[in-house]
Amino acid sequence: MSDTLSHANEFTNALEAHAPRYGVRLSAPSIARLRRYYEHVQAWNARLHLVAPCPPVEFATRHVLESLLALSHLPAEARVADVGSGAGLPIIPCLIARPHLRATLIEASAKKAIFLREALRLLDESGRAQVINQRFEMTEPMEIDFITCRALDRFKEMLPRLLDWSPPLSTLLLFGGPTLREELERRALNYITVHLPESEQRFLFVVKGRSGA
C-alpha cells in the first residue's frame, strides 16, 4: 500500500473514531468528501505550506473536527465570510458537512486562492461558495450573518480591523488561545468560550451582540 493511500486511510479512520468526542456526526458521503479534501491539501501542501506538516490523525482532529465545532453555532442556511481562509479551515469542512451553508472565502495570497478555488471545484462546492483574492479590509461590505476565522496572521493585531469590517449584527466565530481571549476581555466584548477537545489552550470564541464595534 502506498504512503498516500495509507495516510488517507488513517485520516478516515481517525475521523470516524474521534468524531463522537467532538459531538460531530458525519454521513458516509461527508467522510468520503472530507477524505478527498485531505488528499487535496496534502498534494498542495509542500508548495504552499497551507498547514504545518502533521500525522493524518492530527489533521483529522486538530484541523477538521475542530473546524466542525463551528457548525453548532451556524444556522442551517447561514451566510458566512471566512477570513484568511488559507487551507480552507474551518469553512470547507463546514461546507461539506452542512449542505445549505453559503460562504465567501477571503484569502490575500493569490496562490492559496487558486488552491481554494480548485478545492471547491473538486468538492462540487463552487455553487455555494466563492473565493475573493484580497485582504478582507479591502473587500466591499457583504450581506453576511457570520464570520469565521482560524488562522489570520497577527490575530491580536488584526482583531480591531476585523471588528470594524464586520457588520454590527454579525456573529464572529474565532479560533484562538489565551492571547485572543485577553484581547476580547480588554474590549469588553460579549462572547462565549468553547474549549476544543484534546487541547489545553485552544478555544472557539463566539462573539456576538456587538452594537457597532
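## Close-up views of a predicted model

**View 1. A β-α-β unit built from strand 1, helix 4 and strand 2.** Strand 1, helix 4 (residues 91-97) and strand 2 together form a β-α-β unit, and its hand is right-handed. As you look at this view, please keep in mind that the model is predicted. Strand 1 covers residues 79-83 and is mostly covered, with four of its five residues buried. Its partner here, strand 2 (residues 102-106), runs parallel to strand 1, and five bridges join the two. For a handy landmark, find V83: the residue opposite V83 in strand 2 is I106.

**View 2. Strand 1 also pairs with strand 4.** Let us stay with strand 1 and turn to strand 4 (residues 146-149). These two strands run parallel as well, joined by four bridges. V83 helps again with finding your place, as its bridge partner in strand 4 is C149. V83 thus has I106 opposite in strand 2 and C149 as bridge partner in strand 4.

**View 3. The whole sheet, strand by strand.** In what order do the seven strands of the open sheet lie? Reading across, the order is 3-2-1-4-5-7-6, and the pairing is mixed. The edges are taken by strand 3 (129-132) and strand 6 (191-195), each of which pairs on one side only. From one strand to the next, the twist averages 20°. If you follow side chains along a strand, it may help to recall that in a regular strand they alternate between the two faces of the sheet.

**View 4. Strands 4 and 5, with helices lying on the sheet.** Strand 4 pairs with strand 5 (residues 171-176) in the parallel sense, over four bridges. Within this pair, T148 stands opposite L173 of strand 5. Helix 6 lies across strand 1, strand 2, strand 4 and strand 5, and runs at about 170° to strand 5. Helix 7 packs on the sheet too, where it touches strand 5, strand 6 and strand 7 (203-207). The direction of helix 7 makes about 20° with that of strand 7.

**View 5. Helix 6 meets helix 7.** A word on reading this view: two packed helices are described by the angle between their axes and the distance between the axes. For helix 6 (residues 155-165) and helix 7 (residues 178-186), the axes come within 10 Å and cross at roughly 35°. The crossing of helix 6 and helix 7 is right-handed. Which residues make the contact? Helix 6 brings F155, K156 and L159, while helix 7 brings T179, L180, E183 and L184. By character, the residues of this contact divide into four nonpolar, one polar and two charged.

**View 6. Two neighbours in the loop between helix 1 and helix 2.** L26 is found in the loop between helix 1 (3-18) and helix 2 (28-48), and S27 has its place in that loop as well. Is L26 buried or exposed? L26 counts as buried because its relative accessible area is 19%, and the cut-off for buried is under 20%. S27, with a relative accessible area of 37%, is partly exposed. Leaving aside neighbours within four places in sequence, L26 is in contact with L15, I31, L34, L65, L68 and A97. Two spans give a sense of scale, both taken from C-alpha to C-alpha. L26 and D153 are 127 residues apart in sequence and 30 Å apart in space. S27 and L101 are 74 residues apart in sequence and 16 Å apart in space.

**View 7. A cis peptide bond ahead of P90.** Here we look at the loop between strand 1 and helix 4, where P90 has its place. The peptide bond leading from L89 to P90 is cis, with omega near 10°.

**View 8. Positive phi values at H49 and D124.** H49 lies in the loop between helix 2 and helix 3 (56-68). Phi of H49 is near 50°, a positive value in a residue other than glycine. D124 is found in the loop between helix 5 (110-122) and strand 3. Phi of D124 is near 60°, again a positive value in a residue other than glycine. Are these residues buried or exposed? H49 counts as exposed at 61% relative accessibility, and D124 counts as exposed at 65%, since exposed means over 50%.

Notes:
Residues are numbered from 1 along each chain as its sequence is written. This is a predicted model: local features need pLDDT of at least 70, side-chain atom pairs count only at pLDDT 80 or more; totals for chains, interfaces and linings use all residues. Side-chain values use heavy atoms; hydrogens and water are left out. Buried means under 20% relative accessible area, exposed over 50%, partly exposed in between (1.4 Å probe, protein chains only). Contact means heavy atoms within 4.5 Å. Two strands pair if DSSP finds at least two bridges between them. A crossover is right-handed if, with the strands pointing away from the viewer, the path from the first strand over the helix to the second runs clockwise. Axes are lines fitted to C-alpha atoms, for helices over the stretch in contact, and angles run from 0 to 180 degrees between N-to-C directions. A crossing is left-handed if the near helix is turned anticlockwise from the far one by less than a right angle, and right-handed if clockwise. Ala, Val, Leu, Ile, Met, Phe, Trp, Tyr, Cys and Pro count as nonpolar, Asp, Glu, Lys and Arg as charged, and the others, Gly among them, as polar.
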